[in-house]
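Open the model in your viewer and keep the selection panel at hand. The tour goes from ring contacts to strands.

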Amino acid sequence: MNGVHDMGGMQCFGPIDTDAHAPLFHNDWEKEVLAMALAMGATGTWNLDQSRAARESLPASYYLNAGYYGIWLAGLESLLITHELITEAELHSGTSQSEPRSVKRVLAADKVASALAAGAPVDRATSAQPLFSVGDTVTVRNLHCPTHTRLPAYIRQRAGQVFRIHGAHIFPDAHALGQGEDPRWLYNVRFDNQELWGDQATTGHVHVDCWEPYLEATKPENVNS
Amino acid sequence: MNNNETTAASKASKPTHEHTHDHEHSHLDETELRVRALKSLLSEKGYLDPEALNVLIDTYQHQVGPQNGARVVARAWTDSTFKQWLLEDASAAIASLGFTGRQGEHMVVVENTSDVHNMVVCTLCSCYPWPVLGLPPSWYKSAPYRARAVSDPVGVLAEFGITLPTGKSISVWDSTAEVRYLVLPEQPANTEHLSEQQLGELVTRNSMIGTGLPDPASAVSQ
């Protein structure tokens with residue numbers, strides 16, 4: 001989705017507040033939101049890509065003003081309603097008005113440490129061979145996916161070199177739509193700053209992880225020697 | 001989609017240029033009540049264990065943090081075999097020190113050298129290597145950092161007070177997948193005599209994201 005969350009290259013946000021001693025949480029409710037989002041994620045009702053999709057689908061003005069945990073809160077509320085764990089009326093009243101739905105699991109306090117330590121790896125076996133090799137020049141397709149994607153706008157139609165192959169990973173564009181894991185090869189692609197930002201850019205590179213469906217082989221006449 | 005927008009839009013604060021502190025306070029109180037109500041609802045439904053929330057908060061507030069990453073860096077500085085392992089298979093090398101799990105399942109360590117300085121961002125959200133660095137700091141999650149880290153890394157570093165030597169180029173790593181990047185900073189000069197633990201004290205959080213450098217001044221106080 002072409003949304004305000006896709007911020008790479010925007011110049012309109014002013015200076016960075018670099019305060020190294022800023023607290024991780026500004027209010028106690030932020031801690032509760034973090035914990036609720038993790039605990040509800042652990043019920044297995046939705047996947048990580050669906051959580052990201054929910055946050056990115058928030059109204060742009062809200063996304064830009066709500067702060068990180070404000071975004072998490074609204075994303076969580078949206079997921080709870082979309083997946084029918086609660087109703088709008090229950091959300092507004094704060095009290096249960098219907099039988100709870102069954103969830104796959106409830107994260108118990110004594111299972112938190114082991115659940116966090118295990119994490120949720122996303123690398124998967126695939127019978128497909130990778131289309132590209134390290135060193136290949138690839139061009140990012142001109143995709144404008146209207147739903148969740150992890151292709152940032154600033155690399156569209158730009159050429160870079162395959163720097164590393166991470167393996168086959170769950171494909172977020174499909175996973176966010178509930179279409180299964182659909183593992184695809186994941187490449188780290190290295191772009192020259194000039195390719196991304198023009199001739200006046202300082203020397204250097206930006207590395208972006210790109211799934212194979214985002215990429216195509218660069219036509220030979222477009223390859224810079 | 002309708003649900004998403006209805007929910008958020010109905011809850012969204014509508015900041016204006018006339019925003020005052022009073023408004024902010026009432027907005028915060030409103031959010032606090034909203035969070036309290038949601039927690040109570042989800043507990044009543046039996047979807048979550050309130051005690052698990054306390055454990056989660058304690059974990060990320062007190063147990064996990066950049067001290068973990070600093071141990072990884074200090075080990076790499078003092079043990080070349082470990083460093084090689086770290087650069088080849090960071091997930092396994094880091095796991096050997098006991099740091100695994102959520103948001104660190106697929107780790108890659110990028111090494112600063114005399115020629116290259118590395119810096120990590122997530123332009124699309126705020127992906128961050130939790131097992132080694134804890135939760136992301138405010139600035140990492142902020143729009144200006146997410147926006148300009150990729151297009152103006154020199155300017156961003158200047159805002160952090162960092163000017164790199166001429167000729168050193170910057171590689172920025174945009175965390176668009178579930179791979180998480182940790183910067184291995186260069187060991188400061190004249191610190192070879194320090195123990196692994198003392199070296200760990202020089203390693204700042206920002207130096208492992210690439211918006212800072214190790215702080216040799218920390219060693220003086222040791």
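Which charged end sits over the ring of A:Phe171? Select A:Phe171 and A:Arg184: the charged end belongs to A:Arg184 and lies 5.5 Å from the ring centre. Bear in mind throughout that this is a predicted model. Chain B has an arrangement of this kind to select next, with the charged end of B:Arg75 over the ring of B:Phe82, 5.8 Å from its centre.

**Aromatic pairs**

Now display the rings of Phe, Tyr and Trp. Over all chains, the structure holds 20 aromatic pairs. Take A:Tyr68 and A:Trp72: their ring centres are 5.4 Å apart and their planes are at 45 degrees, so this pair is tilted; the tilted class lies between planes under 30 degrees apart, which count as stacked, and those over 60, which count as edge-to-face. Colour helix H4 of chain A, residues 67–82, and the two residues turn out to be four apart in it, so about one helical turn separates them. A:Tyr68 and A:Trp72 are both buried.

For an edge-to-face pair, go to B:Trp139 and B:Tyr145, with 80 degrees between the planes and 4.9 Å from centre to centre. These two residues, B:Trp139 and B:Tyr145, are buried as well.

Return to A:Tyr68 and A:Trp72 and extend the selection to A:Phe25, A:Tyr69, B:Tyr60 and B:Trp130; ring pairs link these six residues into a cluster.

**Strands**

Select strand S4 of chain A, residues 204–211. Eight of its eight residues are buried, so the strand is largely enclosed by the rest of the structure. In a regular strand, side chains alternate between the two faces of the sheet. In S4(A), A:Gly204, A:Val206, A:Val208 and A:Cys210 point one way, while A:His205, A:His207, A:Asp209 and A:Trp211 point the other way.

Add strand S3 of chain A, residues 184–192, which runs antiparallel to S4(A) and is joined to it by seven bridges. To find one position in this pairing, label A:Val189, whose bridge partner in S4(A) is A:Val208.

Next add strand S3 of chain B, residues 169–174. Five bridges join S4(A) to S3(B), and the two run parallel. Here A:Val206 stands opposite B:Val172.

Finish with strand S2 of chain B, residues 116–121, which is mostly covered, with five of its six residues buried. S2(B) runs parallel to S3(B), and six bridges join them. Label B:Val120 and B:Trp173 to see them opposite each other, B:Trp173 being in S3(B).

Methods
Residues are numbered from 1 along each chain as its sequence is written. Chains are lettered from A and ligands numbered from 1 in the order in which they are written. This is a predicted model: local features need pLDDT of at least 70, side-chain atom pairs count only at pLDDT 80 or more; totals for chains, interfaces and linings use all residues. Side-chain values use heavy atoms; hydrogens and water are left out. Rings of Phe, Tyr and Trp (its six-membered ring) pair if their centres lie within 6.5 Å; planes under 30 degrees apart count as stacked, over 60 as edge-to-face and the rest as tilted. Buried means under 20% relative accessible area, exposed over 50%, partly exposed in between (1.4 Å probe, protein chains only). A charge sits over a ring if NZ of Lys or CZ of Arg is within 6 Å of the ring centre and within 35 degrees of the ring normal. Two strands pair if DSSP finds at least two bridges between them.
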